[in-house]
Structure formats: C-alpha cells, structure tokens
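Subject: The two-chain model, handed over

Hi,

Here is the structure I promised to pass on. Have a look at it first, and then read on for what turned up.

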Amino acid sequence: MHYLLLLISGIFVHNFILSRFLGICPFLGVSKQISTSVGMGAAVTFVMAMASAITYVVQYSILVPLHLEYLQTITFILVIATLVQLVEMVIKKMSPTLYDALGVFLPLITTNCAVLGVALLNVQYGYNFLESVVFGIAGALGFMLAIVLFAGIREQLELSPIPKALDGFPIALITAGLMSIAFLGFSGML
Amino acid sequence: MSQIIIPVVVLGIMALAFGVILAYASKALEVKVDERVPQVRSALPGANCGGCGYPGCDALAAAIVSGEAPVNACPVGGANVAAAVAKIMGEETSASVKLAAMVLCQGDCEKAPQRAEYYGVADCRQALNANGGTKGCRFGCLGYGTCVAACNFDALKMGPNGLPIVDRDKCTACNACVKACPKGVMQLVPYDHDIRVNCQNTLPGKFVRQDCSIGCIACMRCQKVCPTGAVTVRNNLASIDYANCIQCGLCVDVCPTHCLTGQKVEGSLEKWEKDHPEYERPETKPKAPAKKPVAAAAAK
C-alpha cells in the first residue's frame, strides 16, 4: 500500500513537470509528436529508475561512510551522465529513427533537472532502496504522462487556427500552464 | 590533507569505473557508421549556414555519403571543398559554379524617386507592410538594409545611395540575404559573371520610365543583339541565362537605359564566332535584328 501511494503521489500529485516544475526543457522541446515524446519518456524512465538505484548505492555505500555527502551533486551528475551515454548508445543501436527524432535532447537528459532532482529528493526524504527506485519510476512515469498528454494537445494545436502572435511556443507555454493548474487539482488527495 | 585526497581519489575511481563501463559498452553496442560521413563532415566548412538546403554540415555530409546530394552541394566551400569531398567519395567532380550575391536593382534615391515617406522600423519587410514601401517602383530595392543584417559573413554593406553593396569576395552564397529580401532583389549569380540585368520591374516600359530612369523598359534590343540567345525578354523584363551567356557585352552596349551592366570578357565573341561561322555580327547600331534563329524563336 505504501509503495502504491508513493507511485500515485509521484505520477499525479507531485508530478515532476507540472507541480515540481523540473525537466521543463525536454517537456517543451520533444513534445511536438506523440511518438517521439513516448520515446523520450521511455528514455527518461530508464535513466531515472537506474539513477535512483545507482545513486542510492553510491550515496549510502560510498559517500556516507567516507563523510563525503557534500560531493552528492557532482557524483550524481557523473552517474547520470554515464547512464545517458549508455542510453544513447542503446537507442542509436536499436532505433536510429528515434535517435534522430530525439536529437540534442537525448544528451541533454544529462542535465535534466528531473533526473538529478529525483536522486537528490531520495536522499532528502530519507527513502530506503526500494522506496527510492519506486519513487524514481513514479517520477519518470509522471514525466512520461505529462509529456505524452502535452504532445497530444500540441498535435491538435498544430491544426487549430491560432492567432499569429500566439502560434508556436507561446500557445505551448500557455497550454503547459493550464495543464499545471489542472494537475494541482490532485494536490488535496495525499 | 586526507580531507582533500580522499574525495579526489573516490571521485577519480568512480569516474574511472564509469569510463571503463562506457568504453566496454561503446564496443559492445557499436553502430557501423559509414566512415566517410565524418571524413566528408571534416572536409566541409562547418559554418552550418544552411546554404545547401540541409539543416547543417552534418546533415549535408550524411546526404552526400548516401548519394542524396552531389559532392559539390556546398555552395560556400566552392571548388576546393568539392574536390576534397569528391576525393573522399572517390568521384570525379565537375567544379561547382561559385556563386555570389548580387543586388539586381540600380534604382537609388536619385534614379528612382520616392512616392511617400516612411518613419517606421528600418526594416524592408516592415516597410513593405506599410503600403508596399516608399519607392515609386514597386519592384526595386527598399533600401532599409534587411539583407545587410541577414549577412553572417560581413559581405554586405549599405552604400551611400541607399542600395546595398556586395563584397563578392567575402560572399559565400549562403542565400541568407536572398531569403531575407522581400522584393527578390538579391540574387545569386555566378561569381565570374559580371553582366546582369539590374532590374526586377515587370511593368511595361512606359510605367517603368515613370518610376525609374534606369529600369528595364523591355525594348528587346538586348534579346535581338545577343548572339547566343542567352538574353530573353519575358514578362517585360530582360533576363540572362548565365549558362549560355558568353559575356560578349553586346547587350550592355545596346541597352538604352543602362539597366544591363557588367564588364565584357574580351575576345569571347571572336572565339564564339569561330565556332559559329554562320553568325553575322550586327552593326553597332543594330538596324536589322541579328539573324539568330534562337532569338527569333524566343521572342514573344
């Protein structure tokens, strides 16, 4: 039950993009098509789940025993960068089309604050290993949900008669704001 | 001391471990890329200007290797780059024609009078929105320097008489000014080709004369005098087929409004005459049209 709540909280109530405002860059950058946004979501899910697990191990078996907690940020970034490189190689091998579609946003997961955020929040909330991984997966699924929903809306927006001044990113930002307000409706649940 | 050494060692070991993992993964997950792609990429200029029509030099390199684009597709690099790319691709190259931008309008403040005053933003596209710009001629250069602002290579500057001036040696033919110009006055012309029609006005000569003293009035004299049929007057405007033009300069000599300009290449006409013995050179003041079947066929 505890883990289920953690999952729901991560996906809906404390959605990384729409209520924590982390990872906005790929959210706006790779949300023009549902197919690419699913690919991006999957890549981020993998990186966040792996990052949660590995950073937990790094934190409690290397940094804490050696009293090097202040190196948290830099070591976590090291872990994330390695993971992203790995994901990049895998995607390049598996699906060149997806690799081209994600373009520069794939290496930019390295500096995606949602990934670093989940690693740091795990430590901050004092989660154990399983909780960390579940929280990481929940956050990533929340990211995926938000980006896929947003991509769906943007695909419709492409076909809508939008005033010229709002065409493109302005209307996307307004839409993102409205989605964020909508997701705040979950905030009383947990 | 250990306060410094331990973190350094710990981080170093972690980085090394991750590095080894990645090195192993890069071998295990290696994707065979055509090795010519990076080679072609390094031969290209790397300015990512988009002049070739692809998003950047990387995309062009991939397109060249896949055979989608010709080896001389880079307009900026010119013959040297084309030769280098062709060597990598193992192809013979025909030297790509080096292009350079040209301002095809001579209607400066004196020759083409203004019909209104404009106090808006100094940008041709903005000025165009304000009732089509201020120049009497609806086709000519507006003179607010949007092309100058678009040039990334410092090859364009605004002249004293309200027309941009191209430094043809600096111009890389990246097409930025051509796209920026709302009037189509900027055009890419072969670099070694000086003779051109400096007008875009497609109105009949009577109206051209009202608006500009140096515009093309479609008198057909250039078309009639042209030995190769490279000059044709269509839609009240002369145009030159640069591939056929031998730059003999006859059209420049007969143009009554001096709309056609350029340096002729000495001896080019004599050379051409040698290959075409049936050709009769017209008188300096052409009374009768030159007996040219091509020119006659192309006349309206």
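Buried area here means the accessible area, taken with a 1.4 Å probe, that two parts lose on being put together, summed over both. For chain A and chain B that value is about 1400 Å², and 90% of it lies on carbon and sulfur atoms. Please keep in mind that this is a predicted model. The contact draws 17 residues from chain A and 14 residues from chain B. How many salt bridges are there between chain A and chain B? The count is zero.

Now to the nonpolar cores. The largest one has 51 residues, and F16(A), F27(A), V47(A), M48(A) and I109(A) have the most contacts inside it. At least two residues of this core come from each of α2 (24-29), α3 (34-63), α4 (72-94), α6 (113-125), α7 (129-158) and α8 (169-184) of chain A, and also from α1 (2-28) of chain B. With eight residues, α3(A) supplies the largest share. F27(A) is a good place to start if you want to look around: leaving aside residues up to four places away in sequence, F27(A) touches I17(A), L18(A), A146(A), I147(A), F150(A) and A176(A). Another core, of 27 residues, lies apart from this one, and C222(B), V225(B), V254(B) and W272(B) are among its members.

Chain B as a whole has 12 helices and eight strands. Of its 300 residues, 43% are buried. If you take the contacts in chain B between residues at least 6 apart in sequence, 54% of them join residues at least 24 apart. The accessible surface of chain B is about 16300 Å², with 55% of that belonging to carbon and sulfur atoms.

One helix of chain B to look at is α3, residues 57-65. Its buried residues include C57(B), L60(B), A61(B), A63(B), I64(B) and V65(B). Among the elements that cover the buried residues of α3(B) are α2 (36-43) and α4 (78-89) of chain B. After α3(B) comes G67(B), with a positive phi near 85°.

The same helix brings us to the salt bridges, of which there are five over all chains. D58(B) pairs with R41(B), and their closest N and O atoms are 2.8 Å apart. Because D58(B) sits in helix α3 of chain B and R41(B) in helix α2 of chain B, this salt bridge ties together parts 17 residues apart in sequence. D58(B) is exposed, at 51% relative accessible area, while R41(B) is partly exposed at 24%.

Two further salt bridges are worth opening in your viewer:

- K111(B) and D108(B) have their closest N and O atoms 3.6 Å apart. K111(B) is partly exposed at 33% relative accessible area, whereas D108(B) is buried at 6%.
- D194(B) and R196(B) have their closest N and O atoms 3.1 Å apart. D194(B) is partly exposed, with 25% relative accessibility, and R196(B) is buried, with 16%.

What about disulfides? A search of the whole structure finds zero over all chains. Two cysteines show why. The sulfur of C147(B) has its closest cysteine sulfur in C124(B), 6.2 Å away, which is too far for a bond; C147(B) is buried, with a relative accessible area of 7%. The sulfur of C255(B) is 5.2 Å from the closest cysteine sulfur, that of C259(B), and this too is too far for a bond. C255(B) counts as buried at 10% relative accessibility. The cut-off for a disulfide is a pair of cysteine sulfur atoms within 2.5 Å.

Last, some backbone angles. Most residues other than glycine have a negative phi. H67(A) is not a glycine, yet has a positive phi of about 55°. H67(A) lies in the loop between α3 and α4 of chain A and is exposed, at 61% relative accessibility. A218(B), also not a glycine, has a positive phi of about 55°. Its place is the loop between α8 (205-211) and α9 (221-225) of chain B, and A218(B) is buried, with a relative accessible area of 17%.

Happy browsing, and do write back with any thoughts.

Best wishes

Notes:
Residues numbered from 1 in each chain as written. Chains lettered and ligands numbered in written order. Predicted model: local features only at pLDDT ≥ 70, side-chain atom pairs only at ≥ 80, totals over all residues. Heavy atoms only, no water. Core = buried A, V, L, I, M, F, W, Y, C linked by side-chain atoms within 4.5 Å. Buried < 20%, exposed > 50% of the residue type's maximum accessible area, 1.4 Å probe, protein only. Helix = DSSP H or I, 4+ residues; strand = E, 2+ residues; numbered from the N terminus. Contact = heavy atoms within 4.5 Å. Salt bridge = Lys/Arg side-chain N within 4 Å of Asp/Glu carboxyl O. Areas by Shrake-Rupley, 256 points an atom, 1.4 Å probe, with all protein chains shown as cover.
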